[in-house]
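Q: Please take a close look at the empty space inside this structure. Then set it beside the strands and the cysteines.

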Amino acid sequence: MAEISAQMVKELRESTGAGMMDCKNALKESNGDFDKAVQLLREKGLGKAAKKADRLAAEGLISVKVSDDFKIATLSEINSETDFVAKNEQFIALTKETTEHIQINDLKNNDGLKNSKINGVAFEDYLKTQIATIGENLVVRRFETIKTNDQKGIVNGYIHTNGRVGVIIAANCENEEVAQKSKDFLKQLCMHIAAMKPSYLSYEELDMDFIENEYKALVAELEKENEERRRLKDPNKPEHKIPKFASRKQLNETILKQVEDDIKAELKAQNKPEKIWANIIPGKINSFIADNSQLDSKLTLMGQFYVMDDKKTIEQVIAQKEQEFGGKIQIVKFVRFEVGEGLEKKTEDFAAEVAAQMS
């Protein structure tokens, strides 16, 4: 049995909002595994998903470079020790120059970057000079480039005003004309992704075991909220309807056919004339899908409601744009970086962590 420290309990409590004893028991039950403890709490309706942002410890900037022809987009994260340095003009220039260097030289990883030359000197020496001048340890933590050589392909990117969140995206279109018309729309999608943090492109990427685990947590969370709503008896806050499923990936043809048959039986029982069924059934099926794909609306880009029109999903907005632009638009990839994402707080300071990454 792993030793459960007060610090572990504190971190779990801060991340999930669950009670202290519940956190301690969950850690014991999971033998000290933080992620398993989070899942246990969620399945019992005692805590929400761990807020990774509460466990981050990094400063720095995200940088985005989109080529003039909108065929290549590069995203990078460069860390500094303090937020003060992240606002330094020299550091800002360093991030832009490094991102452009990565794109121009088609660099794939940090080893390739270290072995490259920038302004006639080895990149490692260039970075050391910047560190000496700026006075803090700096590290190029990660970067990624997406590109298309096809005239039908188009990319774009967006960096939030605080420089801490950036997104790049790529799409294949029916023809070059549609691709060119899609540029601004792709930037708007990047802004949506920056704000709404989807983890996947569509429900097709979700693993069935993951969906089933998340469904248990979703039901527990809704039932917990329903208990509170029953207690408060607020007429403006009716109880949540408990869904049967969590993702469209679970909704096969057999299930949807049964839903349609049930709707028809309901309409018949209500003595609705058959000639109007065709106008009613699609809307009811869409409502069923929306109620039973809540995981998709949280985690997948295509299933989320658009921040600029929350009555439509991204999938529906893209279909609308296809009609407007006169051809198909297929989003093939997006990448979102946020400063410090995935770096957990440790007892040592961040300077030591950055130094460790550089060694």
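A: Elements first: helices are DSSP runs of H or I with at least four residues, strands are E runs of at least two, and both are numbered from the N terminus. The model is predicted.

Start with the enclosed space. How many cavities of 30 Å³ or more are there? The count is one. The largest cavity holds about 50 Å³ of space. Its lining consists of Arg42, Glu214, Leu218, Ala246, Gln294, Leu295 and Lys298. Two elements, α10 (208-232) and α13, give two or more residues each to this lining. Of these, α13 supplies the largest share, with three residues. By class, the cavity lining splits into three nonpolar, one polar and three charged residues.

Next comes open space. The second largest pocket contains about 670 Å³. Its lining has 25 residues, and those closest to the centre are Arg248, Met302, Gly303, Thr313 and Glu315. Which elements give two or more residues to this pocket? They are α12 (277-291), α13 (294-299), α14 (314-325) and β10 (329-338). Helix α12 gives the most, four residues. The pocket lining counts nine nonpolar, 11 polar and five charged residues.

Note the overlap. Helix α13 is named for the pocket and again for the cavity. So far as α13 goes, the two linings share a contributor.

Thr313 leads from the pocket to the strands. This residue is among those closest to the pocket centre, and Thr313 of β9 also stands opposite Phe305. The strands concerned are β8 (residues 305-306) and β9 (residues 309-313). They pair in the antiparallel sense over two bridges. A hairpin of two residues joins β8 to β9.

Strand β10 leads from the pocket to a sheet. That sheet is open and has three strands, in the order β6-β7-β10, with antiparallel pairing. Which strands stand at the edges? They are β6 (153-159) and β10; each has a single partner strand, so one side of each lacks a neighbour in the sheet. Neighbouring strands here are turned by 15° against each other on average, direction ignored.

An edge position does not settle burial for β10. Seven of its 10 residues are buried, so the strand is largely enclosed by the rest of the structure. Buried here means under 20% relative accessible area.

Look at the pairings of this sheet in turn. Strands β7 and β10 run antiparallel and are joined by nine bridges. One of the pairs is Asn172 with Gln330 in β10. On the other side, seven bridges join β6 to β7 (residues 165-173), again antiparallel. There, Tyr158 stands opposite Val167 in β7.

Ala170 also belongs to β7. Is it buried or exposed? Ala170 counts as buried, because its relative accessibility is 8%. Ala170 and Ile159 lie 11 residues apart in sequence, and their C-alpha atoms are 15 Å apart.

Now the other three-stranded sheet. It is open too, with the order β1-β2-β5 and antiparallel pairing. The edges are β1 (59-66) and β5 (139-147); each has a single partner strand, so one side of each has no neighbour in the sheet. The twist from one strand to the next averages 10°. Strand β2 (residues 72-80) pairs with β5 over eight bridges in the antiparallel sense. Among the partners, Ser76 faces Phe143 in β5.

Last, the cysteines. How many disulfides does the structure hold? It holds zero. Why does Cys190 form none? The closest cysteine sulfur, in Cys173, is 13 Å from the sulfur of Cys190, which is too far for a bond. The cut-off for a disulfide is a sulfur pair within 2.5 Å. Cys190 is buried, with a relative accessible area of 0%. Cys23 is likewise counted as buried, because its relative accessibility is 0%.

To recap, the cavity of about 50 Å³ takes the largest share of its lining from α13. The second largest pocket takes the most from α12, and β10 also contributes to that pocket.

Key:
Residues numbered from 1 in each chain as written. Predicted model: local features only at pLDDT ≥ 70, side-chain atom pairs only at ≥ 80, totals over all residues. Heavy atoms only, no water. Buried < 20%, exposed > 50% of the residue type's maximum accessible area, 1.4 Å probe, protein only. 1 Å grid on protein atoms, 1.4 Å probe; cavity = no way out; pocket = protein on both sides within 12 Å on 5 of 7 lines; lining within 4 Å. Points joined across faces, edges and corners; volume = space filled by probe spheres on them. Nonpolar A, V, L, I, M, F, W, Y, C, P; charged D, E, K, R; others polar. Pairing = 2+ DSSP bridges. Axes fitted to C-alpha atoms, helices over the stretch in contact; angles between N-to-C directions.
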